[in-house]
Amino acid sequence: MRAALEAFLTELGSIRRASPHTLSAYRRDITRVLDLAAGESRTVAPGAWTRELLERAMRELYRAGNSSATTARALAAWRSFSKYCVRRGILEQDPARSLAFPRLGRRLPRTLPSIELGEALDRLNGADKISLRDRAMLELAYSSGLRLSELVGLDHADVSAGARLVRVRGKGRRERVVPVGEGAFAALERWCSCCEREMPAARGARALFPNARGERLSGRTFQRIVARRLAGIAAGLGVTPHALRHSFASHLLDRGADLRAIQELLGHSSLATTQIYTHVSRARLRKAYAQAHPRA
């Protein structure tokens, strides 16, 4: 079964074009079950991949304090792997097929106040190369609604200076082109000028946002940049890269942007994913109504 897992992940990456993040999560979730089945041994026979084993693995996840979302993601990985094994003749039947997904509570995306966010970005006016890089990244993340992986994956060649557009490689390696706002493009130009003057040629020189060694900046590093640079926003509750993406979509919708256009900008394959932002706007409308109407 471990050999089957390697073949499954290869197919997932090469044919179905899954992202490295997805492949890592699937490997972790499936390996956890195989280790549970193996016990002292490393070998896991196909007959050990049973419904009882998967139910036991689910209980272990809950006992460890994992959320319903984490358990649902693990079950999705197990189901996908089980279907692969049935299709390849490794298993006679799919033991994961009848397992029910845990009920997920609908959590509205967290957004940041537009005025406060704008003021925080304007305060990032340092002239050293690290400050220029950080502001360009933060401005671009908010201006174009990029995912964390999309932002750190950008190369210099992805920026179209004349058209003020950036080419983005999203989930499933799908590409899209998104506009860059005036403030973000100005920050980006300052950063690119600094790169031409100061950044040495290095292994990651083609990356738009390299680290101090010239290699591509990691997602974890950008998370720390967001937390440090925007620490004072949202009552000190902490800001994440994804909050910038949520704010991008919500602020567009608040100002009358079409939901289909927002879907295209975000790179969502389904409009249903984008529709969660309509709930955010309705919540704001109810709050404004309650505060302003004399008989609310």
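**Exercise 1. Count the aromatic pairs in this predicted model, then classify F8 and Y26.**

Solution.
- The predicted model holds four aromatic pairs.
- One of them joins F8 and Y26, with 6.3 Å centre to centre.
- Pairing requires centres within 6.5 Å, and F8 with Y26 qualifies at 6.3 Å.
- The angle between their planes is 20°.
- Planes under 30 degrees apart count as stacked, so the F8 and Y26 pair is stacked.

**Exercise 2. Locate F8 and Y26 in the chain, and decide whether each is buried or exposed.**

Solution.
- F8 sits in helix α1, residues 2-14.
- Y26 sits in helix α2, residues 20-38.
- The two are 18 residues apart, and the pair links distant parts of the chain.
- Buried means under 20% relative accessible area.
- F8 has 1%, so F8 is buried.
- Y26 has 15%, so Y26 is buried.

**Exercise 3. Classify the pair of W49 and F81, and state which parts of the chain the pair ties together.**

Solution.
- The ring centres of W49 and F81 are 5.1 Å apart.
- Their planes meet at 85°.
- Over 60 degrees counts as edge-to-face, so this W49 and F81 pair is edge-to-face.
- W49 lies in the loop between α2 and α3 (51-63).
- F81 lies in helix α4, residues 68-87.
- The pair therefore ties together parts 32 residues apart in sequence.
- W49 is buried, at 3% relative accessible area.
- F81 is buried too, at 0%.

**Exercise 4. Which residues form one aromatic cluster?**

Solution.
- Take F8 and Y26, the stacked pair.
- Take W49 and F81, the edge-to-face pair.
- Add Y84: F8, Y26, W49, F81 and Y84 form one aromatic cluster.

How values were computed: Residues are numbered from 1 along each chain as its sequence is written. This is a predicted model: local features need pLDDT of at least 70, side-chain atom pairs count only at pLDDT 80 or more; totals for chains, interfaces and linings use all residues. Side-chain values use heavy atoms; hydrogens and water are left out. Rings of Phe, Tyr and Trp (its six-membered ring) pair if their centres lie within 6.5 Å; planes under 30 degrees apart count as stacked, over 60 as edge-to-face and the rest as tilted. Helices (H or I, at least four residues) and strands (E, at least two) are DSSP runs, numbered from the N terminus. Buried means under 20% relative accessible area, exposed over 50%, partly exposed in between (1.4 Å probe, protein chains only).
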